[in-house]
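This report looks at how a single chain packs its interior. Burial, cores, one helix and internal space are taken in turn.

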Amino acid sequence: MTAAPSFAATHDNNPDRKKPKPPAMMSSVGGAQLAKPGTQVRLGPGAPVLPKEVSGRSWIVADAETGDVLAAHNAHWRLPPASTLKMLFADTLLPKLPKTTVHKVAPEELADLGDGSSLVGIKENQSYTVHDLWLGVFLRSGNDAVHVLSSMNDGIDKTVVDMQKHAEELQALDTKVVSPDGYDAPGQVSSAYDLTLIARSGMQKKDFREYCSTVSADFPGEEKKGKKRETFKIQNTNRLLTGSNGIAPYKGIAGVKNGSTTQAGSTFTGIAERNDRVLLVTVMHPESDESMAVYKEAGRLLDWGFAASGKVTPIGELVPPTSAEPSSPDPEPVKNGDADDDPADPVAASQTGSSGIGVALSVAGAVLAGLGTAMFLIRRRWPLPNRARREPRA
C-alpha cells in the first residue's frame, strides 16, 4: 500500500514560502513503487507505524545485506547532496591511492575552495600521507583534503569524470557530479536512493569502513625545521557516531557521512547493526526547525527499521552494480577478517596506537560502547536482492 505522508506539520518561520514538490514520477530503479512520490511502505501484521516526526524531503530505510528497501519517501527525488557526495568520492578514489604515499601540497591544490567550505586545516608546502588526507575527508569533511586528493588523481575534472562513471556503474543514476566535495554547484544532485547505494558500495571496502567509523584522530600540524611535527585532534562531525549538541551516540552506529550546505540543507547517510540486522538510512533536507533534525530523524527511522524488520513487505531493492552478475555464486566465506585485510599494512597495524582511529567492527571507548565487538560488515560482496543470508556473522 501507499501510506499517507509520515511526518507531522512543522513550524515554518515564513509560511508564505512555497516548498518544492517532488516530481509526479521519478526513476524506477529498484522497483516501480520507488518511482512514486510520497511515503511508500507495506506494513504487515505487528509492524509498527512509521514515526510521525520525520520531515525530510526524501528518505529511505533499507537492509544493508539483502538490499531490501523497507520504506521510503520520495526515494528518487534529485536533490543537492552536500558532503554526503564525499562517499562517492571516497568509494571512487580509495582503491587508486595507496594510503602510505606521502604528498607535498602545492599552493594551487588549495585554490578555488568554495566560500565557507569545511576544512581540516591542510597547509601548502607541507607533506601529508594519503591516510592523513582521508582522515581529513571523513572526520572533518575537509574540502581542502578532497582537492589535494583530486590533484593526486590528475585533477578535479578527471576526478569528476571518474566519480560520474562510478556512479553509473553502481546504477546511481539520479546522481550528477559537478564538484567532488559536494559543495553546492549548478546541476549537482543525488537522491536518498543513490546515496544509500553509494554507502553500501563503500562499506564493502575495509579502509572506507575504518575511516567512516573513526571517532577522532591526530592530524599533522605545521612542519618546523629542527622540531618534531606537532599534531592536533580532529573529531568526526557525524553526531550519531560521536554524540554532541544534545544528540546521543546511536547504539550500533558505524558511520557513514553527514553534510550541510545552503541549497542542500542537512543530509545524512548512516549504517547501524542491531539484533543481527544491518540497516542503512538516508535523510535529505529535513524541513523541521528541530535542532539537529537530520540526526534525530535518521535515528527515528533506524529505530523503526529495526522494529519493523521481518514485519514489512519490501517496497523495492538496492540494485547491485552493473559489474555484479546475479547468477554468480557467493564467494567463499572469509575467515578472521575481509579479503581486503592486509596484516602487513603498516598504516592499519598502527591504528591501535594513540591516533584515536577506530575500525567499524571494534570502535573503542564509551562513545560507542553499544556497538561492542559485534560483527558488522557485509560479508558477501554485493549481496544480491532476495537471497537469504547463509553465513552467520561472527
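Helices here are DSSP runs of H or I with at least four residues, strands are runs of E with at least two, and both are numbered from the N terminus. By that count the chain has nine helices and 11 strands. The model is predicted.

**Overall packing**

The chain holds 394 residues, and 57% of them are buried. Its exposed surface comes to about 16,700 Å². Carbon and sulfur atoms supply 52% of that area. Take the contacts between residues at least 6 apart in sequence: 69% of them join residues at least 24 apart.

**Nonpolar cores**

The largest nonpolar core contains 63 residues. Ile-122, Trp-134, Phe-138, Leu-149, Tyr-193 and Phe-208 have the most contacts inside it. Helix 2, residues 130-140, gives the most to this core, with seven residues. Another core lies apart from it, with 28 residues.

| Core | Residues in core | Members include |
|---|---|---|
| Largest nonpolar core | 63 residues | Ile-122, Trp-134, Phe-138, Leu-149, Tyr-193, Phe-208 |
| Another core | 28 residues | Val-283, Leu-302, Phe-306, Val-312 |

What does Ile-122 touch, not counting residues up to four places away in sequence? Its partners are Val-105, Leu-110, Tyr-128, Leu-133, Asp-144, Ala-145, Val-148 and Phe-219. Of these, Asp-144, Ala-145 and Val-148 are also buried residues of helix 3.

**Helix 3**

Helix 3 spans residues 143-152. Nine of its 10 residues are buried, so the helix is largely enclosed by the rest of the structure. Buried here means under 20% relative accessible area. The buried set is Asn-143, Asp-144, Ala-145, Val-146, His-147, Val-148, Leu-149, Ser-150 and Met-152. Leu-149 also appears among the residues with the most contacts inside the largest nonpolar core.

Which elements cover the buried residues of helix 3? The cover includes helix 1 (86-93), strand 4 (102-104), helix 2 and helix 4 (156-169). Asp-154 follows helix 3 and has a positive phi, near 75°.

**Internal space**

A search of the whole structure finds two cavities of 30 Å³ or more. The second largest holds about 30 Å³ of space. Its lining consists of Pro-80, Pro-81, Ala-82, Gly-182, Tyr-183, Asp-184, Ala-185, Gln-188 and Gln-263. By class, that lining has five nonpolar, three polar and one charged residues.

Note on methods: Residues are numbered from 1 along each chain as its sequence is written. This is a predicted model: local features need pLDDT of at least 70, side-chain atom pairs count only at pLDDT 80 or more; totals for chains, interfaces and linings use all residues. Side-chain values use heavy atoms; hydrogens and water are left out. On a 1 Å grid over the protein atoms alone, a cavity is a set of points where a 1.4 Å probe fits but cannot get out, and a pocket is an open set with protein on both sides within 12 Å along at least five of seven lines; lining residues have an atom within 4 Å of a point. Grid points are joined across faces, edges and corners, and a volume is the space filled by probe spheres set on the points. Ala, Val, Leu, Ile, Met, Phe, Trp, Tyr, Cys and Pro count as nonpolar, Asp, Glu, Lys and Arg as charged, and the others, Gly among them, as polar. A nonpolar core is a set of buried Ala, Val, Leu, Ile, Met, Phe, Trp, Tyr and Cys residues joined through side-chain atoms within 4.5 Å. Buried means under 20% relative accessible area, exposed over 50%, partly exposed in between (1.4 Å probe, protein chains only). Contact means heavy atoms within 4.5 Å. Accessible areas come from the Shrake-Rupley method with a 1.4 Å probe; for residues, only the protein chains shown count as cover.
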